[in-house]
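Here is a short tour of one protein model for you to follow with the structure open beside you. We will go from the overall layout to a couple of individual residues.

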Amino acid sequence: MKSKVQNVLRECPFCGGVTKRIISSYKQTVMFVCEKCGADVCFYGAEHEPKATQAWNRRNKKLQ
Ligand SMILES: [Zn+2]
């Protein structure tokens, strides 16, 4: 069963695949990893949630 996602993530800006968010407790690093093409984007320190998700979504929007 899938758990509910709090913030909706946009698709991968490169291939349109499903992106998953990985939040590391170490240094509060937030990673977005595409399950299709393997592209990954990391946000460190100051750009942790919810800013990271907003930045990811904004990035995707530019390319549409
Ligand atoms: Zn992709």
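Reading from the N terminus, the elements come in the order β-β-β-α, giving the protein three strands and one helix. Please keep in mind as you look around that this is a predicted model. Of its 64 residues, 11% count as buried. Among contacts with a separation of 6 or more, 26% are between residues 24 or more positions apart.

**The strand pairings**

Strand 2, residues 29–34, is a good place to begin. Strand 1 (residues 19–24) runs antiparallel to strand 2, and six bridges join the two. Strand 2 is also joined to strand 3 (residues 40–43), again in antiparallel fashion, by four bridges. The two hairpins can be set side by side:

| Hairpin | Residues between the strands | Residue with positive phi |
|---|---|---|
| Strand 1 and strand 2 | four residues | K27, near 55° |
| Strand 2 and strand 3 | five residues | G38, near 85° |

If you would like to check the register by eye, two pairs will help. K20 stands opposite V33 in strand 2, and V30 has F43 of strand 3 opposite it.

**V30, a residue in strand 2**

V30 is found in strand 2, so is this residue buried or exposed? A residue needs 20 or more other C-beta atoms within 10 Å to count as buried. V30 has 22 of them within that distance, and therefore V30 is buried. Besides facing F43 in strand 3, V30 has a link to a residue further along the chain: its C-alpha atom is separated by 6.9 Å from that of A52, although their positions lie 22 residues apart in the numbering.

**C15, before the first pairing**

Now move to C15, which lies in the segment before strand 1. Which residues does C15 contact once its neighbours within four places in sequence are left aside? They are C34, K36 and C37. C15 and A39 are 24 residues apart in sequence, while their C-alpha atoms are 9.0 Å apart in space.

How does C15 fare on burial? Its count is 14 C-beta neighbours inside 10 Å. Partly exposed residues fall between the limit for exposed, 12 or fewer, and the limit for buried, 20 or more, so C15 counts as partly exposed. V30, with its 22 other C-beta atoms within 10 Å, is buried.

Conventions: Residues are numbered from 1 along each chain as its sequence is written. This is a predicted model: local features need pLDDT of at least 70, side-chain atom pairs count only at pLDDT 80 or more; totals for chains, interfaces and linings use all residues. Two strands pair if DSSP finds at least two bridges between them. Two residues are in contact if their C-beta atoms, placed from the backbone, lie within 7 Å.
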